[in-house]
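Visitor: I am new to this structure, and I would like to understand the reasoning behind the labels that are attached to it. Could you show it to me and then take my questions in turn?

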Amino acid sequence: MKKDMILAGVGGQGILSIATVIGSAALEQGLHLKQAEVHGMSQRGGDVQSNLRLSSQPIMSDLIPRGGADLIISLEPMEALRYLPYLSEDGWIITSTAPFVNIPNYPDMEAVRAELGKLPRVIAIDVESIAKEVQSPRSANMVLLGATAAVLGILDPDKLRDGIRRVFGRKGEAIVETNIKAFDAGFAASLKNRQ
Amino acid sequence: MADKKLLLGDEALALGALHAGLTGVYAYPGTPSTEITEYIQGSAFARERKVHCDWSCNEKTAMEGALGMSYAGKRALVCFKHVGLNVCADPFMGSATTGANGGLVIASCDDPSMHSSQNEQDSRFYGSFAMMPVFEPSNQQEVYEMTRAAFDYSEAKGIPVLLRMTTRLSHSRAVVESWESVREQNQMHFPERPRQWVTLPVNARERNRQLIKDYAGFEEDAAISRFNLLEDGPDRRMGVIACGLAWNYLMENFPDGCPFPVLKVSQYPFPRRLARELAAKVDSLLVLEEGQPLVEERLKGVFDTPIPVHGRLDGALPRDGELTPDAVRAALGLPERPQFAASEIVVPRPPALCQGCGHRDFYTALNQVLKDYQGARVFGDIGCYTLGWMPPFSALHTCVEMGASLTMAQGAAYSGVWPSVAVIGDSTFTHSGMTGLLDAVNTNADVTLCISDNLTTGMTGGQDSAGTGRLEAICAGIGVDPAHIRTIVPLPKNYPDMEKTIREELEYHGVSVIICRRECIQTAKRHAKK
């Protein structure tokens, strides 16, 4: 069993926290893991991605081949589309619908929506609004993780909740609860979005 | 029981060095190498053992510090990004002549595809240039193990070892199992062959002849190394030579095992004997190597019977850029996997200076003033502020390497460029700018040096900057007239003052320094949280 995922976003959005929680849950479950990250110049507001691979078998490449990603998890809708050639034919895109516009030529949002709409398996939710609704405005990334949990498969949602507890534990119980709330809201929104 | 940790390749290297009995790491920050030193700085184990881990001013001082530690019999690690090896090329080459006493490992992290670099030079060439062994691990576990092996080899053979990393290994995490046994640091002891540490020609000639002999031995060691494996396969149409990380991409494409005979190479000098053994079995060779075609070029003249060799030179693989599982797949002649077409509406999102960054305000003021000086040229340097080349600022005309701003500005000024402006960051100034400033003072060059001081080494994530709090004193000490060392605070409300100061110093026909100082907003945010 394997799950290959590309986490995408704009430098500073917090995709690595999502990877850290998934990684923590995967290790706890005894899975093999490889996670390639972007450090350095691109972190300054540029496009960033992380290739995260989980498997019950040893993993060779740190990079996911084209057509191999089971999931693209993106905190930004155009960034989700950037990695389309890496998505497998039966893969899922789970993305935030809120554009991060820090470039002058950002495409028309209608076109972005239409492009996502052409794909067979997309969960597109407004993670920032959902985070605010559950009073966890700074946990939009955990909303996205919750939305992912609904289709991830290889890891049980409860294992991911435990992962959140481990990763955020040293910041205090209040922060843990805020993040769990965001996760649960994302999970619920994802189930609803699929209907 | 063995301990399992999820580590970046860089962190695995750091842990491997600590467990090998490291006494000190010497380094200057540079992507993708920075996390090696940061791991050691954050390690309680390193603190308990008083492992030296302060940042050095630059890679040359780092390399020399480590060489001194090796001279004293202790184990030292040097870390930098690949272009840092150029900065320390002199002591690096010299260290092959002196040899190592305490284990000396030089970790050079290459950045093929230039994710965060100005070129994609392949550090392995420096290994053969210096006649030094090179270790090139292929995964995080191997990084951990090969780091200790590199220290062992260095001490056994009395030679520094170049440990070559690349971005994908440095910045990728995997589970690493660490040793149960941790080695103690060496006791101080002096070299057994003291003459070779004095590289006068009379000593160096003798040592060079010895090194040439040793290098042949290093190649034989590589041929029998447990890190270089020749594995057979049933399909003899092709043999694959897979170096370092490239082996992963090969195996990714053959989950049930590679049908071709494979030579996995992780220790150099390249073991030509194994290449001959492989070539004798197969009809052609495919060379997979991350970076430049070192092995592929080295194969010329190795075989008695000609054999077709494919790789980066004949277009089987792209000539530039990092390897990918897909590029390797194509080179193996396997069909593409089904995939979605790239979306046509996606546009590039280049990195940019952060909102609120002081470099932004500096460039805004500088550009405003330079509107009145049509002939002005701005010589840039390496750091976040290099992003000032991009719109909306378009403020720079050059960027070459660490410290080139001020020295290029002098050559241009001498050639008639006016105003000739240099822009450098605080950390880059103390890395390689100070000597250039002394040149400017000694020739009374008509240049304006702007030090955009954000009190940190920003681009690599906010490491200490060597001259923080002392830049005015350094410039005055070098001999700049204190009346022309000006300090400004880059904020929108200060634009009028900033512009006035910049204009005054452009109009002064001599060396002026404008220190433009405001803390990096990334480090400021972190400080505010504490």
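What follows is a conversation about the labels used for this predicted model and the values behind them.

Visitor: How do you know how confident the predictor is in chain B and in the complex?

Guide: For chain B, the pLDDT averages 97, and 100% of the residues score at least 70. Since local features need a pLDDT of at least 70 in this predicted model, the residues of chain B meet that requirement. For the complex, the predictor gives an ipTM of 0.94 and a pTM of 0.96.

Visitor: What makes up the contact between chain A and chain B?

Guide: The contact draws 40 residues from chain A and 37 residues from chain B. On the side of chain A that touches chain B, two or more residues come from each of helix H1 (15-28), strand S2 (32-36), helix H2 (77-82), strand S5 (87-96) and helix H3 (109-117) of chain A. The largest share of that side, four residues, is given by S2(A). Sorted by class, the side of chain A that touches chain B has 18 nonpolar, 13 polar and nine charged residues.

Visitor: How do you know that S2(A) pairs with a strand of chain B?

Guide: Two strands pair if there are at least two bridges between them, and three bridges join S2(A) to strand S7 (residues 172-178) of chain B, so the two are paired, and they run antiparallel. One of the partnerships is that of A:Ala36 with B:Ser172 in S7(B). S2(A) is also joined to strand S3 (residues 47-55) of chain A, by five bridges and again antiparallel, and there A:His32 has A:Ser55 as its bridge partner.

Visitor: Which strands make up the open sheet, and what makes two of them edge strands?

Guide: The open sheet has eight strands in the order S6(A)-S5(A)-S4(A)-S1(A)-S3(A)-S2(A)-S7(B)-S1(B), with mixed pairing. Strand S6 (122-125) of chain A and strand S1 (3-8) of chain B are the edge strands, as each pairs on one side only. Neighbouring strands of this sheet are turned against each other by 20° on average, direction ignored. H1(A) packs on the sheet, touching strand S1 (2-10), S2, S3 and strand S4 (69-74) of chain A together with S1 and S7 of chain B, and the direction of H1(A) makes about 10° with that of S3(A).

Visitor: Which strands are joined to S10(B), and in which directions do they run?

Guide: Strand S8 (residues 229-231) of chain B is joined to S10(B) by three bridges and runs antiparallel to it, whereas strand S9 (residues 239-243) of chain B is joined to S10(B) by four bridges and runs parallel. B:Lys264 in S10(B) is the bridge partner of B:Leu229, and B:Ala242 stands opposite B:Lys264 as well. S9(B), helix H11 (residues 246-252) of chain B and S10(B) make a right-handed β-α-β unit.

Visitor: Which way do the residues of S10(B) point, and are they buried or exposed?

Guide: From strand S10 (residues 262-265) of chain B, B:Val262 and B:Lys264 point one way and B:Leu263 and B:Val265 the other way, and all are buried. In a regular strand, side chains alternate between the two faces of the sheet.

Visitor: Why is A:Gln135 called exposed?

Guide: A residue is exposed if 12 or fewer other C-beta atoms lie within 10 Å of its own, and A:Gln135 has 10 such neighbours, so A:Gln135 counts as exposed. A:Gln135 has a positive phi of about 55° although it is not a glycine.

Visitor: Why is B:Asn444 called exposed, while B:Thr501 is called partly exposed?

Guide: B:Asn444 has 12 other C-beta atoms within 10 Å, and because the limit is 12 or fewer, B:Asn444 is exposed. B:Thr501 has 19 such atoms, and because a buried residue needs 20 or more, B:Thr501 falls in between and is partly exposed. B:Thr501 is found in helix H19 (residues 495-507) of chain B, and, leaving aside its neighbours within four places in sequence, B:Thr501 is in contact with B:Arg486, B:Ile488 and B:Ile514.

Terms used. Residues are numbered from 1 along each chain as its sequence is written. Chains are lettered from A and ligands numbered from 1 in the order in which they are written. This is a predicted model: local features need pLDDT of at least 70, side-chain atom pairs count only at pLDDT 80 or more; totals for chains, interfaces and linings use all residues. pLDDT is the predictor's confidence in each residue, from 0 to 100. Two residues are in contact if their C-beta atoms, placed from the backbone, lie within 7 Å. Ala, Val, Leu, Ile, Met, Phe, Trp, Tyr, Cys and Pro count as nonpolar, Asp, Glu, Lys and Arg as charged, and the others, Gly among them, as polar. A crossover is right-handed if, with the strands pointing away from the viewer, the path from the first strand over the helix to the second runs clockwise. Axes are lines fitted to C-alpha atoms, for helices over the stretch in contact, and angles run from 0 to 180 degrees between N-to-C directions.
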